[in-house]
Amino acid sequence: MSTATTHDAHHEEHPSGLARWIFTTNHKDIGTLYLLFALLMFIVGGAMAMIIRAELFEPGLQFVEPQFFNSMTTMHALVMIFGAVMPAFVGLANWLIPMMIGAPDMALPRMNNWSFWILPFAFAILISTLFMDGGAPAGGWTMYPPLVLQTGNAFPFLIFAVHLMGISSIMGAINVIVTIINMRAPGMTMMKMPLFVWTWLITAYLLIATMPVLAGSVTMLLTDRFFDTSFFDAAGGGDPVMFQHIFWFFGHPEVYILILPAFGIVSQIIPTFARKPLFGYSSMVYATASIAFLSFIVWAHHMFTVGMPLTGELFFMYATMLIAVPTGVKVFNWVSTMWKGSMTFETPMLFAVGFVVMFTIGGFSGLMLAIAPVDFQYHDTYFVVAHFHYVLVTGAVFAIMGATYYWLPKWTGHMYSEKLGKLHFWLSTISVNVLFFPQHFLGLAGMPRRIPDYSPQFTEFNQLSSIGGFAFGLTQLLFVYIVIQTIRGGEKASEQVWEGAHGLEWTLPSPPPYHSFSTAPEIK
């Protein structure tokens with residue numbers, strides 16, 4: 001073989017520059033692409049939220065048309081869920097799962113590349129609807145008929161974008177399952193896997209089970225609009241409530257897809273900074289599996305007001321309350337892990353503790369919403385908005401931020417600025433509570449959600465909420481700055497990044513190897 005051919009073969013394997021990122025099959029590169037894409041979408045979705053909060057700063061119509069306002073609520077949700085939170089978790093899965101289970105890479109590297117590159121096109125299509133005749137989709141992220149069918153030319157583009165996101169998610173999930181089942185290092189049994197790996201394995205099964213359901217429901221919408229079917233059109237013998245059943249059969253497990261990986265992240269961070277093994281490892285695994293199972297039998301709690309039989313209401317009410325049990329087990333285990341630990345509060349730990357406290361607030365308001373007779377009052381008010389943002393912002397997003405600070409030194413070789421990280425945490429925590437806590441009171445007082453205008457009695461709480469929103473939005477620019485600064489340089493991260501945590505955190509299977517904590521010399 002001549003030197004030229006060897007050189008070509010070598011070049012073929014390691015392209016540089018742009019080609020490296022386009023054709024990469026390396027799990028770390030793909031993980032990085034997912035994370036950077038998620039960060040970009042987080043900024044885009046955040047800008048949409050700023051428009052919403054600006055309009056709601058006082059009653060009356062200030063800045064945008066009602067139609068555009070509704071487009072913003074719809075697009076904000078789709079971009080944040082499918083563009084920011086889910087790709088961030090998939091990016092973390094790509095980076096960490098092979099390293100945590102001792103695999104050389106993901107099982108299906110070319111499919112991995114493809115599942116990422118579908119996303120920029122899906123979101124280009126989704127965001128392009130803002131520039132179409134009739135405006136972007138304004139039927140809410142839930143796409144309920146008949147409202148969504150009145151979306152102008154943007155409608156088929158919305159459906160196509162949702163299909164692409166679903167295809168990407170399913171391919172990512174297949175990859176995660178095959179990798180975890182087939183590529184664990186010898187001796188890494190299932191019950192020795194780190195909890196992040198477990199939560200992702202369970203999440204991947206949820207994705208494969210639910211994404212085709214979403215695809216089916218939006219395809220039925222498409223045929224109702226363009227092919228004269230009447231699945232959801234009462235005039236043709238269809239039923240709009242059937243859409244809600246099909247959508248929420250996907251939508252409820254989806255909210256657990258958005259939170260289970262966060263549970264895994266927090267279960268990695270807390271033991272490191274408490275310097276203790278995770279309390280109740282196997283109960284955490286079983287709790288995660290129970291939550292996933294229960295998520296499939298509670299979908300109609302989103303629909304208490306459609307007029308279902310009393311028996312149905314009771315079933316969905318009790319099944320929903322049941323989810324509080326495994327979730328409570330998790331919170332108990334996290335607190336028990338911290339109990340009597342030698343805790344230090346570096347930025348990742350601050351985000352993890354913030355997660356436990358504020359996610360629990362979201363859990364309590366969720367329990368309130370589960371009570372059917374009470375939900376008749378709360379339904380479609382700002383109370384619901386407050387509830388799911390406590391779960392998804394101080395839950396999922398805080399966990400992703402904690403994960404970023406925790407693993408960034410591992411990814412970049414550089415340490416982030418601890419001072420700026422802590423500043424980011426405190427500014428975020430204060431502003432996010434000023435943003436969402438008042439919304440509980442607005443909802444209890446009867447302010448409906450998804451409206452651009454409201455009665456004057458709601459003004460003060462809305463102003464408070466908007467101020468918190470702008471503060472939270474601006475704070476995230478600090479986060480972007482910290483991430484970019486760390487990627488570009490900074491002090492070198494040591495082999496043992498988190499001092500005093502015995503350097504175990506990169507490999508730590510959640511039940512730690514025997515005696516790994518007795519590294520201090522014995523006292524004779």
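**Entry 1: helices and loops**

I count as a helix a DSSP run of H or I with at least four residues, and I number helices from the N terminus. With that in hand I placed D380, which falls in the loop between α14 and α15. I also note at the start that this is a predicted model.

**Entry 2: D380**

I looked up the backbone of D380 and found phi near 60°, a positive value in a residue that is not glycine. Is D380 buried, exposed or partly exposed? D380 counts as partly exposed because its relative accessible area is 37%, and the partly exposed class runs between 20% and 50%.

I then checked the side chain of D380, which meets that of R449 in a salt bridge, with 3.0 Å from N to O. D380 sits in the loop between α14 (372–378) and α15 (382–412), while R449 sits in the loop between α16 and α17, so the pair ties together parts 69 residues apart in sequence.

**Entry 3: the other salt bridge**

How many salt bridges does a search of the whole structure find? I get two. Besides the D380 and R449 pair, R20 forms a salt bridge with D29, and their closest N and O atoms are 2.8 Å apart. I checked the cover on each partner: R20 is partly exposed at 35% relative accessibility, whereas D29 is buried, with a relative accessible area of 10%. As background, I wrote down that side chains of opposite charge can pair when their charged atoms come close.

**Entry 4: the nonpolar core**

I turned to the largest nonpolar core, which has 159 residues. Which of its members touch the most other members? My list is F82, L92, F123, M143, W200, W334 and F355. Helix α4 (residues 66–101) gives this core its largest share, 22 residues.

I picked L92 from that list and looked up its contacts, leaving aside neighbours within four places in sequence. L92 is in contact with L35, I97, F196, I265, A403, W407 and W411.

**Entry 5: a nonpolar patch on the surface**

Next I looked at the surface and found a nonpolar patch of about 510 Å², made by M368, F437, F441, L444, F461 and L464. Which helices each supply at least two residues of the patch? They are α16 (418–444) and α17 (459–488). The largest share, three residues, comes from α16.

I followed one patch member, L444, which is found in helix α16. L444 counts as partly exposed because its relative accessibility is 47%.

**Entry 6: two backbone details**

I looked up the peptide bond from P145 to P146 and found it cis, with omega near 0°. P146 has its place in the loop between α5 (109–128) and α6 (155–182).

I then went to K340, where phi is near 60°, a positive value in a residue other than glycine. K340 lies in the loop between α12 (324–338) and α13 (347–370). Is K340 buried or exposed? K340 counts as exposed because its relative accessibility is 74%, and the cut-off for exposed is over 50%.

**Entry 7: F315 and H14**

My last item was F315, which lies in helix α11 (residues 310–322). F315 is partly exposed, with a relative accessible area of 42%. I checked F315 against H14, 301 residues apart along the chain, and their C-alpha atoms are separated by 57 Å.

Conventions: Residues are numbered from 1 along each chain as its sequence is written. This is a predicted model: local features need pLDDT of at least 70, side-chain atom pairs count only at pLDDT 80 or more; totals for chains, interfaces and linings use all residues. Side-chain values use heavy atoms; hydrogens and water are left out. A nonpolar core is a set of buried Ala, Val, Leu, Ile, Met, Phe, Trp, Tyr and Cys residues joined through side-chain atoms within 4.5 Å. Buried means under 20% relative accessible area, exposed over 50%, partly exposed in between (1.4 Å probe, protein chains only). Contact means heavy atoms within 4.5 Å. Patches are made of residues with over 30% relative accessible area and no salt bridge: like charges are joined within 9 Å, nonpolar side chains (Val, Leu, Ile, Met, Phe, Trp, Tyr) within 5 Å. Accessible areas come from the Shrake-Rupley method with a 1.4 Å probe; for residues, only the protein chains shown count as cover. A salt bridge is a side-chain nitrogen of Lys or Arg within 4 Å of a carboxyl oxygen of Asp or Glu.
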